[in-house]
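Here are a few notes from one colleague to another, written to be read beside the model. Please keep the viewer open and turn to each place as it comes up.

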Amino acid sequence: MFWFLLITMVVVVAAVTLAVVGGGDSEVLPEVAPEQLVDPLPTARPVDRADVEALRLPVAVRGYRMADVDDVLVRLGAELDERDARIADLEDALAGAVAEGHGEDDRS
């Protein structure tokens, strides 16, 4: 039994070695460009929930590429800051309009 396992292991190692090294005229492993994030977030309009749900980050050896994740988070943070500022402006305008409206009611 021992000899059978030993011979089988040698045959498997030899077959794998020949498949990797003796691949003919082609390269052993073709060079593949690293997967890069193509920013799918829209630039012409604000990001919405569907954009975030559809976002798929490229996977690296140890998980996600930190630079790609950082870029997306910075972009989303900037969009949230813009929305918060816009909401604050609209709330201030509404509060001013309501106060102005109450002032006119008192005069009548």
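1. Asp-51 and Arg-45 are joined by a salt bridge, with 2.8 Å between the closest N and O atoms. Do keep in mind, here and below, that this is a predicted model. The pair also appears as a polar contact between the two side chains, again at 2.8 Å.

2. Is Asp-51 buried or exposed? Asp-51 has a relative accessible area of 14%, so it counts as buried, the cut-off for that class being under 20%. Its partner differs in class: Arg-45 is partly exposed, because its relative accessibility is 40% and the class runs between 20% and 50%.

3. It is worth looking at what surrounds this acid. Asp-51 sits in helix H2, which spans residues 49-54. Once neighbours within four places in sequence are set aside, the residues in contact with Asp-51 are Leu-41, Pro-42, Arg-45 and Pro-46. Arg-45 thus turns up in that list of contacts as well as in the salt bridge.

4. Arg-45 has another acidic partner. A salt bridge links Arg-45 to Asp-48, where the closest N and O atoms are 3.6 Å apart. With a relative accessible area of 35%, Asp-48 is partly exposed. Taken together, Arg-45, Asp-48 and Asp-51 make up a network of salt bridges. As background, side chains of opposite charge can pair when their charged atoms come close.

5. How many salt bridges does the structure hold? There are five, and one of them is elsewhere in the chain, between the side chains of Glu-79 and Arg-75, at 3.3 Å from N to O. These two residues are about one helical turn from each other, because they lie four residues apart in helix H3, which covers residues 66-107. Glu-79 and Arg-75 are both buried, whereas the Asp-48 to Arg-45 bridge has a partly exposed acid and a partly exposed base.

6. Now for an arginine in a loop. Arg-56 lies between helix H2 and strand E1, the strand being residues 59-60. Arg-56 is exposed, because its relative accessibility is 63% and the class begins over 50%. Where does its side chain reach? It comes to 2.8 Å from the backbone oxygen of Glu-53. Arg-56 can also be placed relative to Pro-40: the two are 16 residues apart along the chain, and their C-alpha atoms are separated by 8.8 Å.

7. The aromatic residues make a brief point of their own. The structure holds one aromatic pair, formed by Phe-2 and Trp-3 in an edge-to-face arrangement, with 5.6 Å from centre to centre and 70° between the planes. Both of these residues are exposed.

8. The aromatic pair also belongs to a surface feature. Phe-2 and Trp-3, along with Ile-7 and Val-11, make a nonpolar surface patch of about 500 Å². Ile-7 is located in helix H1, residues 2-21. Its relative accessibility is 52%, so Ile-7 counts as exposed, just above the 50% cut-off for that class. When you view the patch, the pair of rings is a good place to start.

Key
Residues numbered from 1 in each chain as written. Predicted model: local features only at pLDDT ≥ 70, side-chain atom pairs only at ≥ 80, totals over all residues. Heavy atoms only, no water. Buried < 20%, exposed > 50% of the residue type's maximum accessible area, 1.4 Å probe, protein only. Polar contact = N/O pair within 3.5 Å; in protein donor to acceptor, adjacent residues only side chain to side chain. Phe/Tyr/Trp six-rings, centres within 6.5 Å; stacked < 30°, edge-to-face > 60°. Contact = heavy atoms within 4.5 Å. Patch = residues over 30% accessible without salt bridge, like charges linked within 9 Å, V, L, I, M, F, W, Y side chains within 5 Å. Areas by Shrake-Rupley, 256 points an atom, 1.4 Å probe, with all protein chains shown as cover. Salt bridge = Lys/Arg side-chain N within 4 Å of Asp/Glu carboxyl O.
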